[in-house]
Amino acid sequence: MNSRYALPALCLSCFFLAAGCRASKLPPAADTEKAGRAETEEMFFHSLREQSFRYGTLSARMQVELTMPAGKTFSSRASLKIRKNEWLQLSLQPLLGIEAFRIDLSPDSIRIVDRLNKRYLAESFSRLKDSFRVEFNFYNLQALFTNQLFLPGETELPENAFTRFRRQPAPDGYTLQTRGASRWQYSFTAGRDRKLYASRMIDTASEHTLYWDYADFRSVGTQLFPMKIQAGWSDGEESKGALSVNYSHIDTDVPVEIKPVIPSGYERVSLSQIRKMFEQP
């Protein structure tokens, strides 16, 4: 990839890596499933849900690194700000804390500002869903960045959501599997300690896979939070790239100022132009 496009790709990948996911409904559990087992699964789900990371606002500093299929690697300092269920802002600052790129997400829209080339993208989530054929939204991306279980394409995880997941044994824990509206299968790995360690999104027809793994849990106030995220995507055995996030500092429930301002004089670009950017050699 041309170096001119390296940092825009890094910025955009944080969104499009997650947005490559879409889902479909699992068949109902076997009628022979015993009531005692169902109750145990419900209890496990609720304990996992109860111990999930809780916050009203989140402010974090991090280092992000993108590895492309050809093996080229690009990295940048970054900051993340979240007002839960309202706004998410990711700012890339590759040099001396000066912002070069910014992603602003709200429940209904996405804005990307490229300060290096003085341009921006502004689109609705509904248009992105139609263009990329995904069942994924603001709330799902928010959940991935904050170590949360989620239902694809939905806004919350209600108490009765355990009926939408199927639990399977896994080393040192369990996987919780669900599907949404098509052929994608979602699998979340949780330990017996009720921590969420991994998310897997698999296209059962093409073997296209996306993963999002959590590690290095540390105390943030009275809670534990994974300071390292390793994400990636592949087609079968062929890797299509990887994204790593290393949090260095996290604050919760403090005032967070988010200014989704697009500077005057910037050129608006389209989704087709963004796609062409990724196709550059």
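Which residues is Leu80 in contact with, leaving aside its neighbours within four places in sequence? The legends below describe close-up views of a predicted model, beginning with this residue.

**Figure 1. Leu80 and the largest nonpolar core.** Leaving aside neighbours within four places in sequence, Leu80 is in contact with Leu58, Ser59, Ala60, Met62, Leu88, Gln89, Leu90, Phe145 and Tyr247. The largest nonpolar core comprises 63 residues, and Leu80, Phe165 and Tyr247 are those with the most contacts inside it. Helix H4 supplies the largest share of this core, namely six residues.

**Figure 2. Helix H4 and its surroundings.** Eight of the eight residues of H4 are buried, so the helix is largely enclosed by the rest of the structure. The buried residues are Phe138, Tyr139, Asn140, Leu141, Gln142, Ala143, Leu144 and Phe145. At the N-terminal end of H4, Asn137 acts as a cap: one of its side-chain oxygens lies 3.1 Å from the backbone nitrogen of Tyr139. Following H4 is Asn147, which has a positive phi, near 65°.

**Figure 3. Gln142 within helix H4.** Gln142 has a relative accessibility of 5% and therefore counts as buried, the cut-off being under 20%. Not counting residues up to four places away in sequence, Gln142 touches Tyr55, Ile82, Arg83, Lys84, Asn85 and Leu88.

**Figure 4. Phe150 and Tyr186, an edge-to-face pair.** Twelve aromatic pairs are found in a search of the whole structure. In the pair formed by Phe150 and Tyr186, the ring centres are 6.0 Å apart and the planes stand at 85°, so the arrangement is edge-to-face. This pair links distant parts of the chain, 36 residues apart: Phe150 belongs to the loop between helix H4 (138–145) and strand E7 (166–170), and Tyr186 to strand E9 (residues 184–191). Phe150 and Tyr186 are both buried.

**Figure 5. Phe150 and Phe188, with the surrounding aromatic cluster.** The ring centres of Phe150 and Phe188 lie 5.2 Å apart with their planes at 85°, so this pair is edge-to-face. Because Phe150 is in the loop between H4 and E7 and Phe188 is in strand E9, the pair ties together parts that are 38 residues apart in sequence. Both Phe150 and Phe188 are buried. One aromatic cluster is formed by Phe45, Phe150, Phe162, Phe165, Tyr186 and Phe188. Of these cluster members, Phe165 is also among the residues with the most contacts inside the largest nonpolar core.

**Figure 6. Arg167 over the rings of Phe44 and Tyr174.** Arg167 lies over the face of Phe44, at 5.4 Å from the ring centre. The charged end of Arg167 also sits over the ring of Tyr174, 4.0 Å from the centre of that ring.

**Figure 7. Thr57 in strand E1.** Thr57 is placed in strand E1, which spans residues 57–67. With a relative accessible area of 14%, Thr57 is buried, because the cut-off for this class is under 20%. A polar atom of the Thr57 side chain lies 2.7 Å from the backbone oxygen of Val254. Not counting residues up to four places away in sequence, Thr57 touches Ile82, Arg83, Asp251, Thr252, Asp253, Val254 and Val256. Ile82 and Arg83 are also touched by Gln142 of helix H4.

Note on methods. Residues numbered from 1 in each chain as written. Predicted model: local features only at pLDDT ≥ 70, side-chain atom pairs only at ≥ 80, totals over all residues. Heavy atoms only, no water. Phe/Tyr/Trp six-rings, centres within 6.5 Å; stacked < 30°, edge-to-face > 60°. Helix = DSSP H or I, 4+ residues; strand = E, 2+ residues; numbered from the N terminus. Buried < 20%, exposed > 50% of the residue type's maximum accessible area, 1.4 Å probe, protein only. Lys NZ or Arg CZ within 6 Å of the ring centre and 35° of its normal. Polar contact = N/O pair within 3.5 Å; in protein donor to acceptor, adjacent residues only side chain to side chain. Contact = heavy atoms within 4.5 Å. Core = buried A, V, L, I, M, F, W, Y, C linked by side-chain atoms within 4.5 Å.
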